[in-house]
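Thanks for sharing this one with me. Here are my notes, written as numbered points to read beside the coordinates.

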Amino acid sequence: MRKPLTAAHTGCGVHPDNTLASFFEAMESGAHIAEVDVHVTLGDTCVLLHDHSPALHKYTYEELNAPEVRESISPDYAEHEIATLEQILRISDARDMLLNLDLKSTDAIDPTAKLIHRFAAQKRVFITGASDTMAAKYPDIKVMYNTPYPWLEGKGERYVEFADSVCRTARIGGYAGLNMESSTCRQEVVDRAHAEGLLVWVYTVNDPQEMKRLIGLGVDAITTRVPGLLLSINEEYKNV
């Protein structure tokens, strides 16, 4: 049985999402992949941030990271500086940690690609999120195709059609695989994707029964806020 990689969602520990402290927790969790969110500031510095803020278009990174400015974005930044993608790539390089960079804006595509090339990180970085055109523009970077969600509400009988469509789109578009909301993932799409040479990643799964279902389907990676739980469940299937 195929054992999925464990992807630690940012904020998987006690520290706030997208902080350096949270990233260190992801690395120490034993997960294979650390997931973070990426925005870009004025001046094209890639920063770890989930929600859009008008301040991103108004300030450079240095200005944005001033205490009074960053705290206006979120109270979380009262005690934490805003992390940069460069820091994440530099820190993870020594550990050879895989990264899932969830781009929150297409403005982040080119600055992110520039950093990936600078750190020669193409083999350990996967892109999800606002990645339209990235796979074609940067074929050496692994980009996952974000499948529609909800896919075909109320039309479950058309799932095979959905599976064929998303796999065909991913293959033609030069994507490395599918990035799926977990409830939209079924055996048909996993089998079709693997037959096409595509990976299947699912997010964000915290329920143990859903983890077991997806492991049984043979998905390639599961993103979770409880990586320790997923790792222990995976261990149960070690000799299956």
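The points below go through the strands, the cores, two buried polar residues and one helix of this predicted model.

1. Let me start with strand 2, residues 33–40. Eight of its eight residues are buried, so strand 2 is largely enclosed by the rest of the structure. In a regular strand the side chains alternate between the two faces of the sheet. Here both faces are covered: Ile33, Glu35, Asp37 and His39 are buried on one side, and Ala34, Val36, Val38 and Val40 are buried on the other.

2. What does strand 2 pair with? Strand 1 joins it in the parallel sense over two bridges, with alanine 8 partnered by alanine 34. Strand 4 is also parallel to strand 2, through six bridges; glutamate 35 has asparagine 100 as its bridge partner there, while valine 36 sits opposite leucine 101. Strand 3 (residues 46–48) runs antiparallel to strand 2, with three bridges between them, and valine 47 is the partner of histidine 39.

3. Do have a look at the turn of that hairpin. Five residues separate strand 2 from strand 3, and glycine 43 in this hairpin has a positive phi near 95°.

4. Strand 4 (residues 98–103) is mostly covered too, with five of its six residues buried. Besides strand 2, it pairs with strand 5 (residues 125–129), in parallel and over five bridges. Leucine 99 faces valine 125 in strand 5. Between strand 4 and strand 5 the chain passes through helix 6 (residues 109–118), and this β-α-β crossover is right-handed.

5. Now for the cores. In soluble globular proteins, nonpolar side chains tend to be buried together. The largest nonpolar core of this model has 61 residues, and Leu101, Cys185 and Val189 have the most contacts inside it. Helix 8 (residues 159–172) contributes the most to this core, namely six residues. Beyond its neighbours within four places in sequence, valine 189 is in contact with Tyr159, Ala163, Val166, Cys167, Leu178 and Met180. Another core lies apart from the largest one; it has ten residues, including Tyr61, Ala66, Val69 and Ile82.

6. Is threonine 6, in strand 1 (residues 5–8), buried or exposed? Its relative accessibility is 0%, so threonine 6 counts as buried. Setting aside residues up to four places away in sequence, threonine 6 touches Ala31, His32, Ile33, Ile222, Thr224, Pro227, Leu230, Leu231 and Asn234. Threonine 6 and aspartate 220 are 214 residues apart in sequence, yet 9.0 Å apart in space, C-alpha to C-alpha.

7. Serine 131 is worth a glance as well: it belongs to the loop between strand 5 and helix 7 (134–137). Serine 131 is buried, with a relative accessible area of 1%. Outside its neighbours within four places in sequence, serine 131 is in contact with Ile109, Val143, Met144 and Asn146.

8. Last comes helix 10 (residues 208–217), whose buried residues are Glu210, Met211, Leu214, Ile215 and Leu217. Seen down the axis of helix 10, these buried residues fall within an arc of 155°, so they line one face of the helix. They pack against helix 9 (187–195), strand 8 (199–203), strand 9 (221–224) and helix 11 (227–236). At the N-terminal end of helix 10, aspartate 207 acts as a cap, with a side-chain oxygen 3.1 Å from the backbone nitrogen of glutamine 209. Glycine 218 follows helix 10 and has a positive phi, near 90°.

How values were computed:
Residues are numbered from 1 along each chain as its sequence is written. This is a predicted model: local features need pLDDT of at least 70, side-chain atom pairs count only at pLDDT 80 or more; totals for chains, interfaces and linings use all residues. Side-chain values use heavy atoms; hydrogens and water are left out. Buried means under 20% relative accessible area, exposed over 50%, partly exposed in between (1.4 Å probe, protein chains only). Helices (H or I, at least four residues) and strands (E, at least two) are DSSP runs, numbered from the N terminus. The arc is that of the directions from the helix axis to the C-beta atoms. Contact means heavy atoms within 4.5 Å. A polar contact is a pair of N or O atoms within 3.5 Å; within protein, one must be able to donate a hydrogen and the other to accept it, and residues adjacent in sequence count only if both atoms are side-chain atoms. Two strands pair if DSSP finds at least two bridges between them. A crossover is right-handed if, with the strands pointing away from the viewer, the path from the first strand over the helix to the second runs clockwise. A nonpolar core is a set of buried Ala, Val, Leu, Ile, Met, Phe, Trp, Tyr and Cys residues joined through side-chain atoms within 4.5 Å.
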